Amino acid sequence: MDDLHRDSAAALIDKARATGRIPVVKSFFDEPTFTATHVVHDPATRKAAIIDSVLDFDQPSGRTGHASADAIVDYVRREGLTVEWQIETHAHADHLSAAPYLQEKLGGQIVIGRHIETVQTVFGAIFNEDERFARDGSQFDRLMADGERFMLGEIEGMVLHTPGHTPACMVWIIGDALFTGDTLFMPDYGTARADFPGGDARTLYRSIQRLLSLPGETRLFLCHDYKAPGRDSFAWETTIAVERTANVHVHEGVDEDQFVAMREARDKTLSMPRLILPSIQVNMRAGHFPEPEANGTRYLKLPLDKL
């Protein structure tokens, strides 16, 4: 994200607040994966977007389910919303996307940042995918570029490329609301890890600094929460101003070298996410499972000693 795009994003947020064109956000928290899914809508037109949905998945049995997604379906129908967008902030490593299921039930384009091609190339090699697996993002309905604008009803939106956690991370701004994916967590928990293939702590710091320069009143909606020590309840909403002054990893006064040293040391102590291997295989396909084999069954791979 260059400075021009950052300044344009700031102007978009200020305009939304000045004109009162701000979205309604309803969040659904999936405790097994610690994931917050956000349903965002324009109150004037009832047009909606679903951000970072969750497919229920029991890894020991390989069974999938739709209880989490069906709660969203019920809400959207009850509120009379029309879904235009099924948004993925990045190819998640901790849960499987329910976007195809929600698209079937509610409609909307499945969309992600165009750098998903990089993720597909890296993980296509890790999973030894053959030529049937496209590495051009064509599994998604639309790929968005840094600085690209879109509309949710009468509310203007914009995407910002924020690599570091993964090469394909995108922050989505809709009116005065910013959806960070995994880039930032609640101030008392800090920031995303940067040790996945294609991740980089220095790049993450620079992405975060550009976000923290946006208007302080901007509402931030986070993708995950793990309840920091001393906090008894889950939380997923904060503001730029609070992150800027209170984020335990990257508050004002923490310079790039300090952050990189902290982040790299911390990442060495972390285990891989429990669902990373099934999640990436599905999410790099826009939430679809691999094609069934000759017996009609779909399979997910378990590469040994690769991560």
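**Entry 1: terms for exposure.** I count a residue as buried when its relative accessible area is under 20%, as exposed when it is over 50%, and as partly exposed in between. I also note at the outset that this is a predicted model, and I read everything below with that in mind.

**Entry 2: a salt bridge between two strands.** I looked up the salt bridges and found that the structure holds 16 of them. I began with the pair E84 and K47, whose closest N and O atoms are 3.5 Å apart. E84 belongs to strand 6 (residues 82-87) and K47 to strand 3 (residues 47-51), so this salt bridge ties together parts that are 37 residues apart in sequence. I then asked myself whether K47 is buried, exposed or partly exposed. Its relative accessibility is 26%, which places K47 in the partly exposed class, because that class lies between 20% and 50%. For E84 I found a relative accessible area of 26%, and this residue is likewise partly exposed.

**Entry 3: two salt bridges with buried partners.** I turned next to D176 and R219, whose side chains meet in a salt bridge with an N to O distance of 2.8 Å. D176 sits in the loop between strand 11 (170-174) and strand 12 (177-179), while R219 sits in strand 13 (residues 219-221), so the pair links parts that are 43 residues apart in sequence. D176 is buried at 2% relative accessibility, and R219, at 18%, also counts as buried. I noted that the value for R219 still falls in the buried class because the cut-off is under 20%.

I then looked up D225 and R231, which form a salt bridge with their closest N and O atoms 2.8 Å apart. D225 is buried, with a relative accessible area of 1%, and R231 is buried at 17%. Elsewhere I found a network in which R202, R206, E256 and D257 are joined by salt bridges that share partners.

**Entry 4: the sheet that holds strands 3 and 6.** Having met strands 3 and 6 in the E84 and K47 pair, I traced their sheet, an open one of six strands in the order 1-2-3-6-7-8, with mixed pairing. Its edges are strand 1 (24-30) and strand 8 (142-144), each of which pairs on one side only. Neighbouring strands here are turned by 25° against each other on average, with direction ignored. Strand 2 (residues 35-41) runs antiparallel to strand 3 and is joined to it by four bridges; I picked out H38, whose bridge partner in strand 3 is I51.

**Entry 5: Q86.** I stayed with strand 6 to look at Q86, which lies in it. Is Q86 buried or exposed? At 1% relative accessibility Q86 counts as buried, and I found that its side chain reaches the backbone oxygen of G107 at 3.0 Å. Setting aside neighbours within four places in sequence, the residues in contact with Q86 include I50, A99, L102, G108 and I110.

**Entry 6: the other six-strand sheet.** I followed a further open sheet of six strands, in the order 9-10-11-12-13-14 and again with mixed pairing. Strand 9 (149-152) and strand 14 (237-239) are its edges, pairing on one side only, and the twist from one strand to the next averages 30°. Strands 12 and 13 run parallel and are joined by three bridges, and within this pairing L178 has L220 in strand 13 as its bridge partner. Helix 1 (residues 3-19) packs on this sheet, where it touches strand 9, strand 10 (155-161) and strand 11, and its direction makes about 155° with that of strand 10.

**Entry 7: nonpolar cores.** I asked which residues have the most contacts inside the largest nonpolar core. They are I173 and L214, in a core of 27 residues. The elements giving two or more residues to this core are helix 1, strand 10, strand 11, helix 5 (201-212) and helix 7 (256-267), and helix 5 gives the most, with six residues. I then listed the contacts of I173, again leaving aside neighbours within four places in sequence, and found among them A9, L12, I13, F150, L160, L178 and L214. A second core, separate and of 20 residues, includes F57, V73, Y101 and L102. I closed by noting again that L102 is one of the residues in contact with Q86.

Methods:
Residues are numbered from 1 along each chain as its sequence is written. This is a predicted model: local features need pLDDT of at least 70, side-chain atom pairs count only at pLDDT 80 or more; totals for chains, interfaces and linings use all residues. Side-chain values use heavy atoms; hydrogens and water are left out. A salt bridge is a side-chain nitrogen of Lys or Arg within 4 Å of a carboxyl oxygen of Asp or Glu. Buried means under 20% relative accessible area, exposed over 50%, partly exposed in between (1.4 Å probe, protein chains only). Two strands pair if DSSP finds at least two bridges between them. Axes are lines fitted to C-alpha atoms, for helices over the stretch in contact, and angles run from 0 to 180 degrees between N-to-C directions. Contact means heavy atoms within 4.5 Å. A nonpolar core is a set of buried Ala, Val, Leu, Ile, Met, Phe, Trp, Tyr and Cys residues joined through side-chain atoms within 4.5 Å. A polar contact is a pair of N or O atoms within 3.5 Å; within protein, one must be able to donate a hydrogen and the other to accept it, and residues adjacent in sequence count only if both atoms are side-chain atoms.
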